[in-house]
Structure formats: C-alpha cells, structure tokens
Amino acid sequence: MGAISITDATPAGATGAGATNEERIRAAALDCIARHGVSKTTVDDVARQAGVSRATLYRVFPGGKDTLVDAVLGREVARFFADLAVELRRHDDPEALLVAGVGRALRFIADHEALQAVVATEPGLVLSLVAFHRLGPVLDAATAFAAPFLRPHVPAGDPDPEGTALDVAELLVRVVLSHALRPSPRLDPHDEAAVARLVRAHLLPALLTEPHPPTKESEVTR
C-alpha cells in the first residue's frame, strides 16, 4: 500500500439506476460481507444481490472473489481517507483538528457494517492485513496522509518540523488502529467529549510541546 488515493472513492451503496455494473457489484459485495463475512460470501451471493449474472461479475472482476474483495477493500480505504480529508480541511485550530480527525476516523470504522462483521466473525483475517510485515506499509501510507495536516501546527522553534509532523501522525495512526482492533470501553467514538479528553491528555501535547535543547548529560550519553 503506497501513496493513498482519495480520488477513487465513490458513495457506498451505489445501487441506483445510474450505477454501473462495477458499482452495483461492489455495493452488493459489501452488503454480503456485512451479513455473512468474507469467507462465507460467494460469487453467486454477490451476483444475485447485485442483480447481474455470474458471467457479468467475472467480466468486471476477472479474478473472481479474490479480485472483488481486493477491489472492495481498496475502494473502502479510498473512501475512508476521502471522508477524513474533507473533515480535516475544515479545521485550522490544532485541538479541533485532532479531535475531529481522531473522532471521524474512529466513527467511520465503528459504523462500517462490513468491517465490523469481519472483525467480529473473522478477526484473524483483519489481523493478517495489519500484522507483522504488512503493518509497515499501512503505517507508512496513513502517516504520509496525516502529516501534511499536522505540519502547520508544529511549533516554530522545532528543529525538524517535517519529522515531528510525521512522528505525531504515526502516533495518531497507531492510536486509531489500536482502538479499531480492540475498542476501549472508556472511549465512545460518538462521544466528542471523550475523544477531546483523549486528545488533550495524550495527543495534543505531542504536537504542540516546544522542543527542548539537549542537556549536557544527554549530550554525553549520545
């Protein structure tokens, strides 16, 4: 997963008369996954839900189920970041930016029916996408997305503002991933006050704390 594209995002549930076969099949696949999970969803289930023939589905997604699942995952990731970018561009204040961004990300994940169905019934599948060697590309892509929104709020005296923005962005990504994979009973993503408390206590200081010059002791130990 390299640079994140937010131009490939289409509305979820694109099943109207003007929807293309590809859009209908993607939407149908999401519905089926929300009901049955990934493993139990079949090509026939998706074709029937989309109102297309099995042959049509294979013409649109020649690789069958694996290709379709990858395409749906890619589109939902793009939709997630497009939705988040719209929210982040609305805020100039650093605290409001972090509260809105973390809250919006957690709510998107918590309210995504297909994702929550897979987390509940096939947790190993979700973990396989973000575990070990696969976690690095996820962190890198999400961090690269978030860092430009944080860069304007890094204190002016910071000797490495680009690095600080990347460090804080990675911290935010790790927090969101952690809560997505194992939600905390102490943090309701729909409770803005609870999200704000988390941001003020742990995330905002990481962004706004003025850099300190190294002490003589720290210079000696380097």
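Phe 145 is buried, at a relative accessible area of 13%, where buried means under 20% relative accessible area, exposed over 50% and partly exposed in between, using a 1.4 Å probe and protein chains only. Its home is helix α8, residues 135–150. Before going further: this is a predicted model, so local features need pLDDT of at least 70, side-chain atom pairs count only at pLDDT 80 or more, and totals for chains, interfaces and linings use all residues. Residues are numbered from 1 along each chain as its sequence is written, and side-chain values use heavy atoms, with hydrogens and water left out.

**The whole chain**

The protein chain has eleven helices and zero strands. Helices (H or I, at least four residues) and strands (E, at least two) are DSSP runs, numbered from the N terminus. Of the 222 residues, 42% are buried. The accessible surface comes to about 12,500 Å², and carbon and sulfur atoms hold 56% of that; these areas come from the Shrake-Rupley method with a 1.4 Å probe, and for residues only the protein chains shown count as cover. Take the contacts (heavy atoms within 4.5 Å) with a separation of 6 or more: 65% of them join residues 24 or more positions apart.

**Three residues and their distant partners**

Here are three pairs, each given with its separation along the chain and its C-alpha to C-alpha distance.

| Residue | Partner | Apart in sequence | C-alpha to C-alpha |
|---|---|---|---|
| Phe 145 | Ala 85 | 60 residues | 8.8 Å |
| Val 173 | Val 102 | 71 residues | 8.8 Å |
| Leu 115 | Leu 73 | 42 residues | 9.7 Å |

Val 173 sits in helix α9, residues 161–181, and is buried, with a relative accessible area of 11%. Leave aside its neighbours within four places in sequence, and Val 173 is in contact with Leu 139, Ala 142 and Thr 143. Leu 115 belongs to helix α6, residues 113–121, and is partly exposed, with a relative accessible area of 30%.

**How α1 meets α4**

Two packed helices are described by the angle between their axes and the distance between the axes. Helix α1 (residues 21–40) packs on helix α4 (residues 65–88) at an angle of about 100°, and the axes are 10 Å apart. The axes are lines fitted to C-alpha atoms, for helices over the stretch in contact, and angles run from 0 to 180 degrees between N-to-C directions. That makes α1 roughly perpendicular to α4: under 35 degrees counts as roughly parallel, over 145 as roughly antiparallel, 65 to 115 as roughly perpendicular and the rest as oblique. On the α1 side, the residues making the contact include Ile 25, Ala 29 and Leu 30; among those on α4 are Leu 68, Val 69 and Val 72. By class, the contact has eight nonpolar, one polar and five charged residues. Ala, Val, Leu, Ile, Met, Phe, Trp, Tyr, Cys and Pro count as nonpolar, Asp, Glu, Lys and Arg as charged, and the others, Gly among them, as polar.

**Where to be careful**

The chain averages a pLDDT of 87, and 86% of the residues score at least 70; pLDDT is the predictor's confidence in each residue, from 0 to 100. Over residues 1–7 the pLDDT is below 50, and this stretch has 14 contacts in the model beyond near neighbours in sequence. Residues 218–222 also have pLDDT below 50, with two such contacts. Where pLDDT is low, the predicted coordinates should not be read in detail.
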